[in-house]
Every structure is written in C-alpha cells, then in structure tokens.
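Me: I would like a close look at one part of this model: the packing of its secondary-structure elements. Take it contact by contact, and add whatever annotation falls alongside.

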Amino acid sequence: MALPVEEWRLCTARRWAALEPALRERLATASLHDMLRLGCGLLRPEAEAAALRRLCRRARAAKEPAAAGFYREEGNRLFGRRHYGAAARLYSQAASHELPGSPEVSVCFANRSAALFHLGRFEVCLEDIARAESHGYPDRLLPKVLLRKAECLLCLGRLQDAADALSVVENKIAMDGIMTSPTHQTLLKKLSQLKIKIHEKESCPEPAQEACGDIQRKLEIWEENDSISGASSSLSLNFDRERGRHLVAAQDILPGQSLLKEEAFVSVLCPGESRLLQDSSETVWDTRATNADLYCHRCLRQLLASVPCRGCSYAKYCSQNCADVAWEQYHRTECSLGALLLTLGVFCHVALRTVLLAGFAEVSRLVEWSHDGDKDLHNAEARCKHLSEAPDTRAGTRGIPGCNDDGQYQSSYQAVFNLLPHAEKHSPEHKFLCMLSVVAICKQLQEAGLEAAVLNRESSEKWSKPKACEKTSGELSPELKTMAEAMLRHVLQLQCNAQAITVMQESGSGDGAVVDKKPVRLATAFFPVLSLLNHSCCPNISVSFSGTAATVRASQPIASGQEIFHCYGPHRCRTRVAERQQLLSQYFFECRCQACLDELESDVKSVVSMRNSFCCPSCRAPMQVGEDMLCCSNEACAISVSRESLSRRLRDLQQQIKKALELLRDRKADQAIKMLLKCQMDAGKFLSPEHLLMGEMEDHLAQVYATLGKWQEAARHLERSIEIVEMHHGPSSVEIGHELFKLAQILFNGFAVSEALSTIQRAEEILSVHCGPQSTQIQELQEMKTCLLELPRSILQRT
C-alpha cells in the first residue's frame, strides 16, 4: 500500500474542501516550503489528528502477549501435524509479540528450534537454542533442548562439541537428582543413544568427500564507470531539455551484458494488506504469512528464523546484526511510529527513512540550497532549459542536476534530492494529503520526544527510551519543518521515481516436485542511478534484484549512441497503446516510444488486440473491435454481441479458474482437473485460441498433472502454454525463460533426459540474459543438468 489508507484520504479530502477558497488557492500554487509553512497548523488535534489515532489502532504494531499465546498454540498445533515450516513461522510471530528477556520468548525460540531441527536446518536451530538459553529458558526444560543441541552438532559432524554438550546434559541431570518419571527415562535413553552415535562416528569416520564446490559460474566482465557510481563503463550520462538526464550506450552492448549494479539508497518492505484490521475491536489474529513475516525488514533476505525487534511486534530481521544496524540507522526513531507508518503507507515511510539515513545536516543543506534563487530546484523544468542551452553540457556531466562538484553522479542523498518531484503537476488535493501526512509524522516525532533523534543530536546510548516532549504547543520546530519539507518532496518524487523491488516467490504450497514462481512486489525503494533511465514500452534492458541491490542487464543488442530504456510497467506485449498511455499518466508524460508511435500511426491492430481478442460465440471467427458492440468478422454469421456481456463471461471464467486453483491447494487434484478442463471448453467458445488466458489454463493443468506425477501429460500442457506465451512475449523473453524452467523440472522428474537437457540449455540461455548467471534459477538448472549428465551412459543412450 503506497498511499495512506482510504479513510485517511477521505478525511483529508473533507478538510481540503472545507478550507477557505483563498487558502486553497494559495496552497495549490505554493512552493513546498510555503505549503509547509501555511499547512502546519491545519492538522487539528480534535479532528484529523484524532481520526488518525483511531485508524492507527487497527495497525497492531505493539507487543501483545495475548497474540503471542495465540500464535504459539497455533504453532504447536501445526508442529503436531508435522507442518514444521508453518509452525516455525508461527513461533516467529509469537516471539515478535513477547516482551524481550521474558521466559515466554525463550519458549518461542526453543519451540522454533524443534521445528528447524525437523527441517534439517541445524545451524539455525543452534542459533535458536542459544537464544532460548540467553533469554532464560526454564531450567527444568533445559536438558531436552541441550540434547537437541548435541544432536544438531552430531549431524553437522562437530563430534567434540556434541560430546561436550552431552556432558553438560549429564551434569545437569546429576545435579537435579534421580528422577523416575517417563520424561526423565526418555531423556536418559536419548542421551545413551547419542553417546553411542558419537562413539561410532569417532571409531569409523566417514571418508572425506571431494570438495566439488559450487557449480562453475560464468564471470561477468565489469569495468566501472568513472562518472556514474555502479554503472558500467559502457554507459554515459547525457542531458537535454526533451529527455532530461538519461543514459546512452558509449559502445556496442551485447545481450546479457551487465550495465548497472546499484544498492538502494533506501528501501522499505511492503507489509501486505492483512496487516490492517477492519475493526479496532477485532481480537482474532491473522495467521496468514505476509511480506512482513517472510523477509528481513532491512536487507530483504528471506526469513527462516527471524530476530524480532525489542520494541515493536512488526519489525523482524534475519540476524541480530541486521537488527542492530537498522536500530542505529533509523528504527530507533521508527519503532514507536509503527502503527502510524502502516496507516500512512509505504511512500510516507520511505520519505521518513530517507531523511533519517541522510541525516539532518545533509537534509538541511540541500533544503536551504533549494531555496536559493540561483539554484532553484522547485522549477526544475526551467533549470533543464538553462542547462540544455549551456554550450558544454554534452562535453561532460558537470552541472547536470545530482552530480557533485567533480561531475560525478553517485548513488547519494544529493542524487535522491535532485529527482524531480513534479510539484506543479500533482493535483492540489494530492499535495494536501501528502503534506498533512508528513506533518502528522513530524508532530508524532515531536510529541514522542524523538526530535533529537531525528536531528542526530544524541549518542545511541541515550535512545533506549524516548524523552517526554518539552514542547506543549502543536507548532513544529524549525528543524522539524525542514525535515518535513524534505519528506514532502520525497513523497511527491516517489510517484515518478519509486522502484519496486521484486522477488521470484513460490506460488502455492511449494512442496511439489515442480516449483511455480512468480514475481512479487517486495519493497519500494529509491535507486538514484536506476532512476536516470527513461521509459519505453519495449525496453532494451532487464532489471533483477538480490536483496536491496538491483542489477540491470541488456536484454537485446544495443548499438553505441542508443539510449538505454527501462519499462515503467505497462509493456507493449501486455496492454494496448490506449491502456498504456492511461497507466503512464501517473508519470506526467505521454509516451512517444517507438512501440507506441508504430501502434498509433498505423492501421494495423496491436499484438495484444489480435491475440487477446474475443471470438464469435456462434462460429468462432474473430470479433471486430467496436466501442460497445462487437460484430462477427464472418459476413455469413454477422452476430453482434455487447462488449460488456463478453467481458462478464471473461470475469466469470477467471473466478472459476481461481476456484480450481483453490482445489489444487486443498490437494483435490482430480476435482481441479475437471474444473480446469470445463473452463478450457467454455473459454474456447468466446476467446481467441491465442488469448493469454488460454495459455494460463494450460499452465495450470500442467501444474495439476505434475502434482499427480503424470509427467508426460504435464509436459504436453506446458508446451502448449509456452507456444501461447511465445506469441505474446517473444522467443527470448523472460516470461518464456520462466516457462521453460518449469518445463525443465517436469522433464527432469519424468526422466525424459534428452528433452530435459535441450530445454535446460534453452532456459539457461534466456534466463542468464535477464537474471544473470548467478541467479537461483540458473543454479537449479545447472544442478539438474549435472545430475542428468552423471547418469550411466547406457541410460543416456536409451533416452
């Protein structure tokens, strides 16, 4: 959720409508500085501020011991059913709600260690056992956990450490005295068994395995640019009035060549909609996993055993180091604002974290610079005109907005600050919403006694508890107004410059032999260098992510002097030109890329129009495009059907497909097949055979047959899906790469060796261009290939 919740948007809209017309006019045309000065007092404590407090009660970000108990019991229930992965996640949620240092949180860690042990994650299990001990795990339960520790060490081959752990258990039992309970007898039996195992391994050590290492990875040739941080030397930064700042090829570039590797200046995890409850009186906690539960809130690494924040239940990290760094850099300020930030949306959260990372000194310097008439950044277009007319602009990067005094464009706060906010193009109502939201955050900081934290005026030792606010008035201090102005600028910038960090996430349970992965929006970030790329509906690069780092690769040959283009969202293969133009309106430009010009200036229908079209329900000939009524192209038929009726049939069909997938998730594969086959039959009566939904149904059928181990049937359906996907996206698209990856898994599991090897090779060639040779999918493909090539020659010849 990028923007604030709907109720807050409606509240600010009512406040805007109630303002005096003269004040609305002044706010509509004011600079960001003047808008903050005029609007700071418009957040009324008894009205808007009170409404915001009510909304914040829905976003439960504080510690709730009752919730911890609920999640722990749910975890125990799933553990008993041997659903260890789900149980570990619920124990993590329980730990995030417990008070730090309490015996209860130690039980959560101990329980999670048991789940991790059954998952074979022995190193992480040991970390959780250490956490349980350090948080005061009950003494009477300690022997069982220490035995688990010894067993983990034994599995890891650390025999001496395992023996030492068993000695600790023996001493512990001896100190507790003789016990004859069944539990005590079980512990002694387990202790004896582990001693025997250690003795056997010491007597007969396993032969040392040859270090095979990782599969050989292709080394990417890389020579960093002298002027643009993180960019390849094959790029150069140019500037003109029409295109603004943009990157062009300084030499011929090959497909798959790395062009840019950039770490996000700032990123904020997208929490997921279920974080917000619909009713503040609701007491049922949600057990569904969201991004907030699955990924580290700092580095975006996937979580297995999260380290919870000591102050709130929301923030979770992959390690104590990540938790400590986040606390030092920004979370010590954000922690008590968790519910407010969830309510006001990710854009406001990114804006706050941006200024916290930059620091007050740098923020203040650039805000003051923006007020300077000689370096006015409010009227960026005027500055563009001035720079484009300068005689030496193309001779180098000196003077281009965002570059430092040495003419270098770095991934820095200065570059972030110079991204265009387009303040004059946003609607007055939207700017007012953003302004009140930013003011609400700054007032909360002031009331919580966190102003000194924001201004970097105290050492980290003084941050464990916020001070009581010394101010009694609702007026913001001059320093906080400066921070608020920068935050407002960043919120407005994000509409055109926010970059979604995506991750390939497993859909469904993920426990099948064929893993279906889809790109999912994980976080919103500022990438100052990546933001230099202009849009095209037919881009010549692909962007992939690893944690908070973005890598840009050429997806096709790029000749020297050509501009590097990124697709901001609507690709020409997915939507018609009119729809693309509408979607791109949020960026305040009309797309004039070559794909749009070709489609607008010719009478030829777009690829999307032809292939995602309806066919006649009677004779199945293509329907001719019309506004409200569609006519059959077959003159002998000449049936007319309303667009709305066909669209309604399409929506109903999509609902039926959704129900079929739910049946698959419930392990009712036979019912899912019947429903999908019926959907396929119904779709054939009114959809073009090349409609993308026809391909999706083939893909789903392949998935169902794969769960049943019917590999030939699965491969047959997936090959049909690939044909349709290739028609839409092209033979070398990343979409084809993902489909070929699934087909390779199916052929591998079905023991179709020669077909699998050829599919693996094609998938590798495509995915290495878009995702790089070190991506997880490439590694999995190489592992499959290695396994197949190691089969006996007699088997390879038979297949």
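Reply: The answer below starts with the sheets and then turns to the helix pairs. Keep in mind that this is a predicted model.

Start with the sheet whose strand order is E3-E11-E10. It has 3 strands, is open, and pairs in the antiparallel sense. Which strands stand at the edges? They are E3 (258–263) and E10 (541–546). Each has a single partner strand, so one side of each lacks a neighbour in the sheet. From one strand to the next, the twist averages 20°.

Now take the pairings inside that sheet. E3 runs antiparallel to E11, which covers residues 549–554, and 5 bridges join the two. At one position, glutamate 263 faces alanine 549 of E11. On the other pairing, E10 and E11 are antiparallel over 6 bridges. There, serine 542 stands opposite arginine 553 of E11. E10 and E11 also make a hairpin, with 2 residues between the strands. Glycine 547 sits in that turn and has a positive phi of about 65°. In a regular strand, side chains alternate between the two faces of the sheet.

What lies across E10 and E11? Helix H30, residues 753–771, does. Its direction is at about 125° to E11.

A second sheet can be read in the same way. E13, E14 and E15 form an open sheet of 3 strands, in that order, with antiparallel pairing. E13 (623–624) and E15 (640–642) are the edge strands, and each pairs on one side only. E14, residues 629–632, pairs with E15 in the antiparallel sense over 3 bridges. Methionine 629 has serine 642 in E15 as its bridge partner. Helix H25 (residues 643–665) packs on this sheet and touches E14 and E15. The helix direction makes about 65° with that of E15.

An annotation belongs here. UniProt, in an unreviewed entry, lists a "coiled-coil region" at residues 643–670. In the model this span is 89% helix and 0% strand. Its end C-alpha atoms lie 34 Å apart.

Next, the helix pairs. Two packed helices are described by the angle between their axes and the distance between the axes.

First pair: H27 and H28. H27 covers residues 692–707 and H28 covers 711–729. Their axes come within 8 Å and cross at roughly 155°. That angle is over 145 degrees, so H27 counts as roughly antiparallel to H28. The crossing is left-handed. On the H27 side, the contact residues include Leu692, Met694, Leu701 and Tyr705. On the H28 side, they include Trp711, His717, Leu718, Arg720 and Ile724. By class, the contact of H27 with H28 has 10 nonpolar, 5 polar and 4 charged residues.

Second pair: H1 and H19. H1 is residues 6–18, and H19 is residues 428–447. The axes come within 9 Å and cross at roughly 115°. That makes H1 roughly perpendicular to H19, because the class runs from 65 to 115 degrees. The crossing of H1 and H19 is right-handed. H1 brings Trp8, Arg9, Thr12, Arg15 and Trp16 to the contact. H19 meets them with Pro428, Glu429, Phe432, Leu433, Leu436 and Ser437. The class count for H1 with H19 is 6 nonpolar, 2 polar and 3 charged residues.

Third pair: H15 and H21. H15 (residues 346–358) packs on H21 (residues 478–497) at an angle of about 130°, with the axes 8 Å apart. The two helices are therefore oblique to each other. H15 passes H21 in a right-handed crossing. From H15 the contact residues include Phe347, Val350, Leu352 and Val355. From H21 they include Met483, Met487, His490, Val491 and Leu494. How many charged residues does the contact of H15 with H21 have? It has no charged residues, with 11 nonpolar and 3 polar.

One more annotation completes the tour. UniProt places a "domain: MYND-type" feature at residues 296–335, again in an unreviewed entry. That span is 38% helix and 10% strand in the model. The C-alpha atoms at its ends lie 15 Å apart.

Conventions: Residues numbered from 1 in each chain as written. Predicted model: local features only at pLDDT ≥ 70, side-chain atom pairs only at ≥ 80, totals over all residues. Heavy atoms only, no water. UniProt positions renumbered as here; feature names shortened; annotations may be inferred. Helix = DSSP H or I, 4+ residues; strand = E, 2+ residues; numbered from the N terminus. Axes fitted to C-alpha atoms, helices over the stretch in contact; angles between N-to-C directions. Parallel < 35°, antiparallel > 145°, perpendicular 65-115°, else oblique. Left-handed = near helix turned anticlockwise from the far one by under 90°. Contact = heavy atoms within 4.5 Å. Nonpolar A, V, L, I, M, F, W, Y, C, P; charged D, E, K, R; others polar. Pairing = 2+ DSSP bridges.
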